[in-house]
Amino acid sequence: MHFFTRLFFLLVGLLSFATAAEKPNIVYIICDDLGYGDIQCLAPETSKIPTPHSDQLAAEGMTFTDAHSGSSVCTPTRYGVMTGRYSWRTRLQKGVVTGFAPCLIDKDRPTVGGFLKDQGYHTAIIGKWHLDFQYLDPESGEAYSPKNHKTPPVGAKIPDGPVDRGFDYYHGFHHARNMEAVIEDDKVIAHDPVENMLPRLTEKSAAYIDSRKGKEEPFFLYVPLGSPHTPIVPTGKWKGKSGLGDYGDFVMQTDNVVGEITDALERNGFADNTLVIFTSDNGCSKAAGIEDLAEKGHIVSAHLRGSKADLWDGGHRIPFLVKWPGKVKANSTNDQLICLTDLFATVADIVDADVPSGSCEDSVSFLPALSGEKIESTRNGVIHHSISGHFAYRKDNWKLMLAKASGGWTKPGEGQAKADWPKGQLYDMKADVGEQNNLFEKKPEKVAELLKHLEEDVNRGRSTAGPDSKNDVDEIKLWKNEKGSPSGKQAAGQQAVAAPKKPKGGKRPNFLFIIVDDQSPFDFKFYNPDSTLDAPVLEKLAAESMVFDGAYHMGSYSGAVCRPSRHMVMTGRTVWNLRDRKKGAKKGEAMPAEVQEQVDNCMAAIFNRAGYDTMRTCKKGNSFELANQQFTVVKDATKRGPTEEDGSAWHAQQVLDYLGEREKTKDQDPFLIYYGFSHPHDPRPGPPELMKKYHAVNHKDKQNPISLNEKAPPLPGNWLPAHPFHHGHPKLRDEVAVDGVWEWRDEGTIRNEIGRQYACSENIDIQVGRVLKKLEAMGELDNTYIFYTADHGMAIGRHGLQGKQNLYEHTWRVPFLVKGPGIAPGSRAQGNIYLLDVLGTLCDLAGIDTPPSIESKSFRPVLEGEKQTVRDVLYGVYAGGTKPGIRAVRKGDWKLVKWDALDGEIRKTQLFNLKENPHEFLGSHQDQGVQKLTGTSPNKNQRNLVSIKKHAAKLKEMEALLAAEMKRLGDPYPLWNQEAAE
């Protein structure tokens, strides 16, 4: 009798949901990066941020303790909310979208908004979309590009936004990096500072509810907030309220949105017939300053491991609070497993309608849970997904992770996992919710069971009951750490990369990319016949390669020129379009979407997806570390000593060990090896025998210059005892503090320093030879493209300068050799390339489609003899000291250099004809004493031509060209004779 009574009341209760006097209004609030532990009612012992409105919602409704977002990052979760389908079934296999691209939701795919609209609801979205859409010029209809319009202009039309995906009304923004662009319906209506967006959304949400009073149809209000995601910008009213810094204040301001919405429901008489859901799209971001908050007692993920982006539960187990007066028991909890993809099926159940055919492949109604009953799920489990595309599967108490580590941002990441760690992770989430006891190797049967379910759910195109569906991509790779072909198809603006095209020979080429630290092209005989550097391996390589006479690093916004230079190599991005996460970054600026995009589309990530084995050895630091970690094998250490263990030989040995292991295992996959050196960067203690060869010593007396050794290498032809004017960077380390040089520029000091440079460089030559010999012995040399270059050049006495913070040719240019299949031995080309063009060229040679975000220009046509150059104009910048700094532009034989530093104290212009004056001699080089020491005698045309009347027109032309390049590339620092950029 008890069973039938219970069944009767359950049926009556469920029937009341759909047969109430009127269909319920539905308000769905989804925060951005709000951690499970950020809400006090969920973690009273470890949450120190007051959240009274969320707590009140929980007290008046139900708290789900095992709710999960469809992904541990923004876009894929939001796709799942809207469609009831996992985002990894689309072209978005990892990461997030960045706007300015066709909508991720296909036009014909039903959405929650469109479905409820068909059921008689008025539907609105107020907040963050982050599912891509295009911005069109209202007059021409042409699409705006993020390169030219970082913030979409007012008036831009949106053809594929929310109002074209099922919503009657939209007010909000696309994502955090375009938050200034305020959108209403299908048009950008205003530009507004980012700190105004949360108050705007709060006000608009309440106003929308007010506007529905007296209307017959029910409403669905979707409020996807942009907070507490970066930028973390609490307004003055909230600043300081939490006592935990900006993040705590911003969480409080976000919690206030709940209060404003519930107040609006109350005053308009909607509260009793409105279902309110409050949740988050993923866990808390590291941008919040997780460690700092923990020191103050606030644990953003509560008892869970990890945070945003991770595969551990802290990345995707999220707050989920439901209030529905009279339908949901107040102050109740529910521990059933649900996912944010479940909204669609749930609202269909509420309005007693079938979901549209071909939709909701991964959506299960949790309506029974709202009355405290068991969810009748037709799926075996819930699939989790991390920022890097790693998968996990949760069924009952068991969770299988197809990753060795976090699968996201929390250390250790996948690149930091040790070779002997288990292939995956298995946790009993009932006994070990903190995911500390990995049972992967102890319970192989459970691993096999869960993996089978995951494979079935992926391959069927759906995880719920119903006819098999189809994923949007041809293949979805489950084990991301395994070698093999990439998953899916490339789509415009997304991170998935198409399988490489097979080259004519049928075998994909290998790549050995060699990069050294601080080396001028003029150190080598193949650029400077007067050089006394002995580098037989590289001279032979040059004879078998194409030598580039016009290879440049683009420049730097930092005194540590290495960092942006190597970042450009890794990402193929121009200097002002680099994004990075640095130690000490302000809260709210770490790991923005642009950073993740560049990590996802960096050199290693692209080649990993294309089935290449990737290996890296290089110095530590002054680089783009997030991109470096994407290599499958990473052996980084700074080795600037004179011994085999502490110098360049160490880097060579890492490559040799890697090649030896491939040989041992008979690995047939193509490889990309990033073979970097820590030398010849100062302090340049070369091996003793080579120091002796170049008559160099490690000088230690800072008070007195070294005595001249007549056997040391000669002075460079454009040496000066001092630069004619200040270089514009006070206290610049390279100019005043390099060990053995300091501020001395006398003949003895510079010749000794060049000797040290040569000792290190010849040692590099020897180490390159070791690796080339190994490749030859393995039979891989003929199918390997070999690149040799440096991250930038060096002065070492040239023009009276010592460092790399200038734009003379000896520093702006880099040595550049390429040897490989189809490249004519002994050939030479101008090229006009940047180091950032390497990535696009590697992709081109490998047959890999280059991601659209990369700004590289492939110089493959130059390598194959079809062209001499790929760029007509070259731009250079040094802005590491006082701003604006130094700028240069080159076109043909002409080069303009402008110095604007020390608050206007230094304003100099230099004009060179590089054909007539390749060493950029200045008036100071006419000094007889200088000429006697260098043995060079510049002619009258070999000088700065800026004041020569006959070159006035050329000067004007070059000035205009520089200004145009600065504007085109987004240079933020106009020079004294230029108008400020708009």
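**Exercise 1. A salt bridge of lysine 774**

With which side chain does that of lysine 774 meet in a salt bridge? State where the two partners lie and how far each is covered.

*Solution.* The model is a predicted one, and the distances below are computed from its atoms. The side chain of lysine 774 meets that of glutamate 663, with 2.7 Å from N to O, which satisfies the cut-off of 4 Å for a salt bridge. Next comes the placement: because lysine 774 belongs to helix 19 (residues 747-778) and glutamate 663 to helix 16 (residues 648-665), the pair ties together parts that are 111 residues apart in sequence. As to cover, lysine 774 is partly exposed with a relative accessible area of 22%, and glutamate 663 is likewise partly exposed, its value being 41%.

**Exercise 2. Further salt bridges**

Find the partner of arginine 828 in a salt bridge, then describe the bridge between lysine 540 and glutamate 544, and place both in the wider count.

*Solution.* Arginine 828 forms a salt bridge with aspartate 549, and the closest N and O atoms are 3.0 Å apart. Since arginine 828 lies in strand 26 (residues 827-829), while aspartate 549 lies in the loop between strand 18 (546-548) and strand 19 (551-552), this pair ties together parts that are 279 residues apart in sequence. Both partners are partly exposed, arginine 828 with a relative accessible area of 39% and aspartate 549 with one of 22%.

The side chains of lysine 540 and glutamate 544 also meet in a salt bridge, with 2.6 Å from N to O, and glutamate 544 is partly exposed at a relative accessible area of 27%. The count of salt bridges comes to 60. Beyond single pairs, a network of salt bridges links Asp66, Asp313, Arg317, Arg394, Lys399 and Glu435.

**Exercise 3. Aromatic pairs and a cluster**

Classify the ring pair of phenylalanine 219 and phenylalanine 270, and then that of phenylalanine 513 and tyrosine 674, from their geometry.

*Solution.* The whole structure holds 37 aromatic pairs. For phenylalanine 219 and phenylalanine 270, the ring centres are 5.2 Å apart and the planes make an angle of 75°; because an angle over 60 degrees counts as edge-to-face, the pair is assigned to that class. It links distant parts of the chain, with phenylalanine 219 in strand 8 (residues 219-228) and phenylalanine 270 in the loop between helix 6 and strand 9 (274-280), 51 residues apart. Both phenylalanine 219 and phenylalanine 270 are buried.

Phenylalanine 513 and tyrosine 674 form a tilted pair, with 5.5 Å from centre to centre and 45° between the planes. This pair, too, links distant parts of the chain, for phenylalanine 513 is in strand 17 (residues 510-516) and tyrosine 674 in strand 23 (residues 671-676), 161 residues apart. Phenylalanine 513 and tyrosine 674 are both buried, and they belong to one aromatic cluster that also includes Phe548, Phe631, Phe787, Phe816 and Phe859.

**Exercise 4. A patch of charge on the surface**

Name the residues of the negative patch that contains Glu260, and explain why glutamate 260 meets the exposure requirement for a patch.

*Solution.* Glu260, Asp263, Glu266 and Asp272 gather on the surface in a patch of negative charge. Glutamate 260 is found in helix 6 (residues 246-267). A patch residue needs over 30% relative accessible area, and glutamate 260 meets this requirement because its relative accessible area is 31%, a value that makes it partly exposed.

Methods:
Residues are numbered from 1 along each chain as its sequence is written. This is a predicted model: local features need pLDDT of at least 70, side-chain atom pairs count only at pLDDT 80 or more; totals for chains, interfaces and linings use all residues. Side-chain values use heavy atoms; hydrogens and water are left out. Patches are made of residues with over 30% relative accessible area and no salt bridge: like charges are joined within 9 Å, nonpolar side chains (Val, Leu, Ile, Met, Phe, Trp, Tyr) within 5 Å. Accessible areas come from the Shrake-Rupley method with a 1.4 Å probe; for residues, only the protein chains shown count as cover. Lys and Arg count as positive and Asp and Glu as negative; His and the chain ends are not counted. The place of a charge is taken as NZ of Lys, CZ of Arg, CG of Asp or CD of Glu. Helices (H or I, at least four residues) and strands (E, at least two) are DSSP runs, numbered from the N terminus. Buried means under 20% relative accessible area, exposed over 50%, partly exposed in between (1.4 Å probe, protein chains only). Rings of Phe, Tyr and Trp (its six-membered ring) pair if their centres lie within 6.5 Å; planes under 30 degrees apart count as stacked, over 60 as edge-to-face and the rest as tilted.
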